[in-house]
Structure formats: structure tokens, C-alpha cells
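I opened this entry to look at the ligand and its surroundings. I then checked the backbone for unusual spots.

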Amino acid sequence: MRLLVATRNAGKKREYERLLEGLSLELVTLDDLGIDLEVAETGDTFAANALLKAAGYAEASGLPTLADDSGLEVDALGGAPGVRSARYADEAGGASDEDRYRLLLTNLQGVPEEERTARFRCVIAVSWPDGGVDTAVGAVEGRIAEAPRGAHGFGYDPVFYLPEFGRTMAELGPEVKNRISHRARAALAIRPAIARRVE
Ligand code: IMP
């Protein structure tokens, strides 16, 4: 079965290829299909945005479509940056990953270690041609470090500290990250629903 992975990120496609390995699926991306529609992420939650994207790109492609939405929730900031993770620090446009995690560190100045709890969360939605929808959630818990460390990964990885590893996400290699990440956990959780449709 062909499954559209609603992303323009070839790295994400490869990640899903690994995570959904063993199912009889051919994964294709928006660029593979020449779809240049942009479904706006106007939802207030990761689930709402994942559903909007899955439904929108399924309609555009006529294919079963998987979409995800993810981000960082920091408890001391009431769950921010949350669904705005990619746009944090971007009021004037052109902000980098480093601008974003620096703003996060500034906003957490003076917050003690035990109150710096945070999690990466990912919601995956799959929209099927018969109108059915499956969703799954994955999360990974950690703390926001006092200073960035590590060079792997992207986004907030340098400031996301995992107590059980004694390292930031950016200090862990991709093999470990791809086993424990919010996206990996959500993909593991969605697998049975996709398997049922493939069989
Ligand atoms: P997306 O929904 O996967 O595009 O992620 C939205 C934003 O959340 C990204 O631009 C990052 O800022 C942040 N984010 C999502 N996943 C990760 C991750 O694995 N590491 C670091 N930051 C992430």
C-alpha cells in the first residue's frame, strides 16, 4: 500500500521508513507526488494540527496519509512553546534553532532544576480514504538544562536533558534518539492501526 507521509523533510521520511519497517508500505512524500499545497497549522493542540494536515493532504492526494505534529512543552512556562515550538522567537522572522533555545533559557532564568521539567510530544494522525482516522501520541520526559550541550539532532535538542542518560538529547547519537524519541514512541503506537489496514 502507498502511504503519503505529509512532510517535505527527506530525513523524516527515512525515519518513518525505519519505524514502520516490516509493514507492506511504500512511503511517498509531498515532493514525491509534486503536491505544493500548504495546509496551515491553525490548531491549538498537536492533535488538532496533525489531524488538519492528515485530512488536508489525504484530500489533495487521494492516498492514505500520515501527518505528525510535535514540539516541546515546558511546565514552568505553562506548556510553552508547545504548538508554537517552530515559531518561538520568530516574531520578526528568520529566527534560528539557536535563537529559540536561547530565548527558552532566558525565559527560564532563575527557575530551579526541579522545576525545569519538560517533554517533547508528538501526535501522529493517519487519514484513510474511507474517512477513518487513527491517532497516536508519544512523549519523552526530561528537563531544560542551564546551558546547551551536544551537536547531534536539531531544534531544542541541545537544551533537553535526559536524567536517565545524564546527557542532553543533542549528546545522544541518532540511534539512541530514534529509539526513545517522542516520534519513535508515537510511531510504535500507530503501527498496529496501520498494520490492520495493510492486511
Ligand atoms: P514538527 O512538528 O516535527 O515540525 O516540529 C515542530 C518544532 O518542534 C520543531 O521545529 C522543533 O523546534 C521542535 N521539535 C520537534 N521535534 C523535535 C526534536 O526531536 N528535537 C528538538 N526539537 C524538536
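**Entry 1: the shell around the ligand**

I started with the elements around the ligand. The largest share of its shell comes from β3, which gives three residues. I kept in mind that this is a predicted model.

I then looked up the make-up of the shell. Four of its residues are nonpolar, five are polar and five are charged.

Which residues are the closest to the ligand? I found Lys12, Ser70, Asp157, Lys177 and His182, out of 14 residues that surround the ligand.

**Entry 2: polar contacts**

I went through the ligand's polar contacts next. I noted these three.

- The side chain of Ser70 has an N or O atom 2.8 Å from an oxygen atom of the ligand.
- The side chain of Lys177 also places an N or O atom 2.8 Å from an oxygen atom of the ligand.
- At Tyr156 the backbone takes part: a polar backbone atom is 3.2 Å from a nitrogen atom of the ligand.

How much of the ligand does the protein cover? On its own, the ligand has 470 Å² of accessible area, and the protein covers 86% of that.

**Entry 3: where the ligand sits**

I asked which space the ligand takes. The answer is the largest pocket. I also listed the elements that give two or more residues to the shell around the ligand, and these are β3 and α6.

**Entry 4: the pocket itself**

I looked up the volume of the largest pocket. It is about 810 Å³. The lining has 32 residues, and Lys12, Ser70, Ala86, Phe154 and Arg183 are the closest to the pocket centre.

I wanted the elements behind this lining. Those that give two or more residues are α1 (10-19), α3 (46-61), β3 (65-74), α4 (97-107) and α6 (182-198). The largest share comes from β3, with five residues. So far β3 has come up twice for me: it gives the largest share of the pocket lining, and it gives the largest share of the ligand shell.

I sorted the lining by class as well. It has ten nonpolar, eight polar and 14 charged residues.

**Entry 5: the loop between β3 and α4**

I turned to the backbone last. Is the peptide bond from Ala80 to Pro81 cis or trans? I found it cis, with omega near -5°. Pro81 lies in the loop between β3 and α4.

Ala89 caught my eye next. Its phi is near 70°, a positive value in a residue other than glycine. I placed Ala89 in the loop between β3 and α4.

How values were computed. Residues numbered from 1 in each chain as written. Predicted model: local features only at pLDDT ≥ 70, side-chain atom pairs only at ≥ 80, totals over all residues. Heavy atoms only, no water. 1 Å grid on protein atoms, 1.4 Å probe; cavity = no way out; pocket = protein on both sides within 12 Å on 5 of 7 lines; lining within 4 Å. Points joined across faces, edges and corners; volume = space filled by probe spheres on them. Helix = DSSP H or I, 4+ residues; strand = E, 2+ residues; numbered from the N terminus. Nonpolar A, V, L, I, M, F, W, Y, C, P; charged D, E, K, R; others polar. Near = heavy atom within 4 Å. Polar contact = N/O pair within 3.5 Å; in protein donor to acceptor, adjacent residues only side chain to side chain. Areas by Shrake-Rupley, 256 points an atom, 1.4 Å probe, with all protein chains shown as cover. Sits in = over half its atoms within 2 Å of the grid points.
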